Every structure is written in C-alpha cells, then in structure tokens.
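Open the structure in your viewer and keep the selection box ready. Each stop below gives a selection to make and what to look for there.

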Amino acid sequence: MSSPPIAVLPISDLGFEALRRLFAPCGLEVSEVAPQTPIPGSYWGDPEAGLIGSVLYARADTPVHSALHEACHYLCMDAARRKGLDTDAGGSDTEENAVCYLQCVLADRLPGYSRQRCFADMDAWGYHFILGSARAWFDHDSDDARAWLRTRHLLR
C-alpha cells in the first residue's frame with residue numbers, strides 16, 4: 001500500500017512577510033492577492049504565483065514552491081527581460097534548471113520551510129526529473145544549473 005500524496009505547503013502556513021523579507025533586497029515586490037481572486041501573471045493559473053514586471057503575485061493558497069520558483073525566474077533575468085516581464089518568464093532549458101536549483105537553495109532561507117520540503121513539494125506538484133525526484137536531480141544531475149548560476153554570480 002502506498003502512502004497518500006503530500007499536500008504542497010501554502011503561503012498561508014508561512015505568511016507573506018517571510019517572502020517579502022527574502023525578496024525585497026532583490027527589488028522584487030510580493031503582492032498578496034485576495035482569496036478567490038485571479039492571480040495576475042500566473043503562467044499555470046490559480047493558485048500558482050504570477051509575475052509581472054518586478055511584482056510577484058500570490059494568494060494565501062499559493063504553494064510556497066510556486067512563489068519561490070517564479071521569484072527565482074525574476075532573479076535569473078537581466079534588466080531588459082525584467083522590464084518586459086508579463087506572465088511568461090521565457091529563458092532556456094538551462095536557465096529553467098537554474099531557476100529550479102535556486103528555488104531549492106533559497107527554500108532554506110524561509111523560516112518554516114526547507115530545502116527538503118521544497119523537494120517534496122516539487123515532486124508532489126509534478127516536476128519531472130530524469131532521475132525520478134527533485135532531490136536526486138539536485139544532488140546528482142544539476143551541474144548545468146550550478147554552472148549557470150555561478151556564471152551570473154547568483155551562487156557561490
């Protein structure tokens with residue numbers, strides 16, 4: 001018998017202030033959207049986070065990993081791409097890998113969240129990795145992501 005699927009952790013369990021403290025120094029505003037209101041800039045649709053310009057939009061029911069992922073798209077962009085940002089972050093496959101890697105790294109900087117929880121949430125949401133899980137990818141198949149982030153001084 002298999003265990004029931006894990007429910008992804010919503011922002012309501014952490015609060016918006018934790019996200020604001022993490023991303024304000026990077027120039028990214030975190031805007032709380034009212035319950036049941038469509039989330040502006042959401043690529044995947046509600047309740048997933050959205051991005052327009054330098055604003056990350058989310059609701060209390062938005063998964064933490066989704067907010068982290070979209071915020072990391074912003075962090076990985078240059079100023080020209082940020083200026084035209086509206087819903088679709090674009091970028092290369094390697095950049096997408098870098099975004100996933102960075103969201104796992106930053107998960108440890110959110111009180112009440114962790115890298116391990118981020119891995120579990122990514123797996124529960126349906127991220128697909130050749131090695132079968134976010135943790136396995138992060139530990140054994142993310143050299144391209146790390147190199148991309150280091151080249152742009154987003155990772156030491």
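Which residues of helix α1 (residues 16-23) are buried? Select F16, A18, L19, L22 and F23; these are the buried ones. Buried means under 20% relative accessible area, exposed means over 50%, and partly exposed lies in between, with a 1.4 Å probe and protein chains only. Helices (H or I, at least four residues) and strands (E, at least two) are DSSP runs, numbered from the N terminus.

A word on the model before moving on. It is predicted: local features need pLDDT of at least 70, side-chain atom pairs count only at pLDDT 80 or more, and totals for chains, interfaces and linings use all residues. Residues are numbered from 1 along each chain as its sequence is written, and side-chain values use heavy atoms, leaving out hydrogens and water.

**Stop 1: around α1**

Look down the axis of α1. Its buried residues fall within an arc of 160°, so they line one face of the helix. The arc is that of the directions from the helix axis to the C-beta atoms. Now show what covers these residues: the cover includes β1 (29-32), β3 (55-58), α2 and α4. Contact here means heavy atoms within 4.5 Å.

**Stop 2: the core**

Select F23 and L68. Of the 47 residues in the largest nonpolar core, these two touch the most other members. α1, β3, α2, α4, α5, α6 and α7 (143-151) each supply at least two residues of this core. α4 gives the most, with nine residues. A nonpolar core is a set of buried Ala, Val, Leu, Ile, Met, Phe, Trp, Tyr and Cys residues joined through side-chain atoms within 4.5 Å.

Stay on L68. Not counting residues up to four places away in sequence, L68 touches L22, F23, Q103, L106, A107, L110 and Y113.

**Stop 3: helix α5**

Select residues 115-125, helix α5. Its buried residues are C118, F119, D121 and M122. They cover an arc of only 165° around the axis, which puts them on the same side of α5. Their cover includes α2 (64-76), α4 (93-107) and α6 (134-140). Just past the helix comes G126, with a positive phi near 115°.

Now show the side chains of R117 and D121. They meet in a salt bridge (2.8 Å, N to O). A salt bridge is a side-chain nitrogen of Lys or Arg within 4 Å of a carboxyl oxygen of Asp or Glu. Both residues lie in α5, four residues apart, about one turn of the helix. D121 is buried, at 0% relative accessibility. R117 is partly exposed, at 24%.

Add V8, in the segment before α1. V8 touches P63, H65, R117, D121, A124 and W125, not counting residues up to four places away in sequence. V8 and H65 are 57 residues apart along the chain, yet their C-alpha atoms are separated by 8.0 Å.

**Stop 4: more salt bridges**

How many salt bridges does a search of the whole structure find? The search finds eight. Select D139 and R135 for one with an N to O distance of 2.4 Å. These two residues are four apart in helix α6, so about one helical turn separates them.

Next, pick R59 and D61. Their closest N and O atoms are 2.8 Å apart. R59 is buried, at 6% relative accessibility, whereas D61 is partly exposed, at 38%. Add D46: D46, R59 and D61 are linked in a network of salt bridges.

**Stop 5: backbone oddities**

Most residues other than glycine have a negative phi, and most peptide bonds are trans. Step from D46 to P47. A cis peptide bond joins them, with omega about 5°. P47 sits in the loop between β1 and β2 (50-52).

Q36 is found in the loop between β1 and β2. Its phi is positive, near 65°. Q36 is exposed, at 72% relative accessible area. Then jump to T87, in the loop between α3 (79-83) and α4. The phi of T87 is positive, near 80°. T87 is partly exposed, at 23%.
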